[in-house]
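This report covers strand pairing, the ligand surroundings and a few single residues of one chain. The sequence and the model come first.

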Amino acid sequence: MKKKAPVVKNQEFDATVIDLTYEGNGVVKVDDFPIFVANAVPGEEIRVGITKVAGTYAFGRVIKTLKESADRNKDVDVATLTTGIAPLAHLNYDAQLRFKQNQIQELFKKQHVDVEVSETLGMENPTGYRNKAQIPTRELRGELTTGFFRRGSHNLMPIEDFYIQDPEIDKAIVVIRDILRKYHIPAYNEFEHTGVIRNIMVRRGYYSHEMMVVLVTRSKKVPGAEMIVADIREALPEVKSIIQNVNQEKTNVILGEKNNTLWGKDVITDTLFGKKFVIGPNSFYQVNPQTTETLYQLAADKAGLTGDEEVIDAYSGIGTISLTIADRVKSVLGVEVVPGAVDDAKRNADINGVNNAKFELGKAEEKMVEWHEAGMRPDVIFVDPPRKGLTPELIDAATGMEPEKFVYISCNPATLARDTVQILENGYHIQGPVQPIDQFPQTTHIESVTVFVKD
Ligand SMILES: C[S@@+](CC[C@H](N)C(=O)[O-])C[C@H]1O[C@@H](n2cnc3c(N)ncnc32)[C@H](O)[C@@H]1O
């Protein structure tokens, strides 16, 4: 029989925070029954108020902190902590880095994989790093408002300082918001599926300072588009590209597939390792330009490239890994599922005069099987999948091609640890420690590089 919850809604009591969840919530327990509390740091003593009781757990809030932890970050305001933009910001940066190393260790342990995990490589200045913002807009008090959703909700909280974004992007969001207000452009209403502007996306090249503005709209047309474009150009001279992206679906996915360039170029450029990259609106580009070079350098070094290798770069995006390693290998073949990103990758190879890199459009899990069946024998395979990780078919095909090295760049240690079990079963072992790199400070996201070598 299900045990009755030992707490009820609105109950208050004092407790010690004993742990932190993957989502960054503190954990307190009553008779072994877990209660998840936002903005609570392990070691702290708090007065908890129960906000919701579910079957086997409950949620609570901090009513009062009775004893503060030395790991608490005091340099962050309440608004940032209330939104979901920086769910680890209540921890000081050292504690965040330890949390990430520890998460990876725990997830491997759960899979019974014995592996060493190095200390997380962190940033010197771990705020204001994001080169891309995707800001939701909603009508609040009769006007289009920008901000971020409160944690675990779709209630927009108006904020102007997004804490982890490039401050120039924060300023641009406010400017664009005010221009849209000036022309009375209605924001999206997700309940009624009405309104015009769903999101404002801004991307800014870290080195180039080129800015792209994408207005994501529910409607096919943007009323007053010409005036809006003129005002944005005048107010934000860094803007090189203004695009309308149409998303008419009832979905949480931000971008639709259709883009309409309202003014300027259809891409912006940025630089990595001295190479130039064009980046289109739908293309993935690492959001932390300051740590991306470290990440790629590490992956390339760990692969021990000598110049003779035939390489596969699965999940190749706009070709950043392929093109930054191209002069250290014989050839590289990328595969990527987003057509615009493959176009960008091909353009990037041309721009940089790289002629030993090729890119194919397709699902990595299908292409790898095709290439395996065609008898391809790469020396090194890099994989850099989205959070859902690899498929069993991809792992079988990749290991079946018997590369000497298999370099796994992961943004989700849970799927990394899961996939590792199969890679090890298929005749590979882990070389050296897993290296976490903090691509996403203040958030619970964890990036790492793991190298597998053929037994
Ligand atoms: C984490 S990003 C890595 C991109 C690139 N390696 C980089 O560092 O910029 C993952 C990429 O995989 C692509 N992708 C997602 N699912 C895919 C699939 N099934 N097959 C191929 N590519 C896929 C995404 O569009 C995205 O560009």
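Leu 333 in strand β17 has Lys 358 of strand β18 as its bridge partner. β18 spans residues 357-361 and runs parallel to β17, with five bridges joining the two; strands count as paired if DSSP finds at least two bridges between them. From β17 the chain crosses through helix α7 (residues 339-351) to β18, and this β-α-β crossover is right-handed. The term right-handed means that, with the strands pointing away from the viewer, the path from the first strand over the helix to the second runs clockwise. Helices (H or I, at least four residues) and strands (E, at least two) are DSSP runs numbered from the N terminus.

The model is predicted: local features need pLDDT of at least 70 and side-chain atom pairs count only at pLDDT 80 or more, while totals for chains, interfaces and linings use all residues. Residues are numbered from 1 along each chain as its sequence is written.

**Around β17**

β17 also pairs with strand β16 (residues 310-314), in the parallel sense and over five bridges. Ser 331 in β17 is the bridge partner of Glu 310. Together with helix α6 (residues 320-325), β16 and β17 make a right-handed β-α-β unit. β17 itself covers residues 331-336 and is mostly covered, with five of its six residues buried. A residue is buried if 20 or more other C-beta atoms lie within 10 Å of its own, exposed if 12 or fewer, and partly exposed in between, with C-beta atoms placed from the backbone.

**Ligand surroundings**

Which residues come nearest to the ligand? Of the 20 residues around the ligand, they are Phe 284, Tyr 315, Gly 317, Ala 364 and Asp 384. A residue is near a molecule if its C-beta atom, placed from the backbone, lies within 6 Å of it. α6, β17 and α8 (364-373) each supply at least two residues of this shell. By class, the shell has twelve nonpolar, four polar and four charged residues. Ala, Val, Leu, Ile, Met, Phe, Trp, Tyr, Cys and Pro count as nonpolar, Asp, Glu, Lys and Arg as charged, and the others, Gly among them, as polar.

The unreviewed UniProt entry annotates Gln 286, Tyr 315, Glu 336 and Asp 384 as "binding site". UniProt positions are given in the numbering used here, feature names are shortened, and annotations may be inferred rather than shown by experiment.

Glu 336 is located in β17. Apart from neighbours within four places in sequence, the contacts of Glu 336 are Tyr 315, Ser 316, Gly 317, Ala 341, Val 342, Ala 345, Phe 359 and Leu 361; contact means that the C-beta atoms, placed from the backbone, lie within 7 Å. Asp 384 is in the loop between β19 (380-383) and α9 (392-400). With the same sequence neighbours set aside, Asp 384 is in contact with Tyr 315, Ile 321 and Ile 409.

**Single residues by burial**

The table gives the C-beta count inside 10 Å for several residues, including those just described.

| Residue | C-beta neighbours within 10 Å | Class |
|---|---|---|
| Glu 336 | 28 | buried |
| Asp 384 | 24 | buried |
| Tyr 163 | 22 | buried |
| Asp 31 | 8 | exposed |
| Arg 141 | 6 | exposed |

Tyr 163 is in the loop between β9 (156-158) and α3 (167-182), and its phi is near 65°, a positive value in a residue other than glycine. Asp 31 lies in the loop between β3 (26-30) and β4, with phi near 50°, also positive in a residue other than glycine. Most residues other than glycine have a negative phi. Arg 141 is in the loop between β7 (132-140) and β8 (143-149). Arg 141 and Met 368 are 227 residues apart in sequence and 52 Å apart in space, C-alpha to C-alpha.

**The six-stranded sheet**

Six strands form an open sheet with mixed pairing, in the order β1-β5-β6-β4-β3-β2. β1 (12-16) and β2 (19-20) stand at the edges with a single partner strand each, so one side of each is left without a neighbour in the sheet. Strand β4 (residues 33-37) runs parallel to strand β6 (residues 58-67), and three bridges join them. Ile 35 stands opposite Ala 58 in β6.

The unreviewed UniProt entry places "domain: TRAM" at residues 6-64. Over residues 6-64 the chain is 0% helix and 56% strand, and the end C-alpha atoms are 21 Å apart.

Methods: Contact = placed C-beta atoms within 7 Å.
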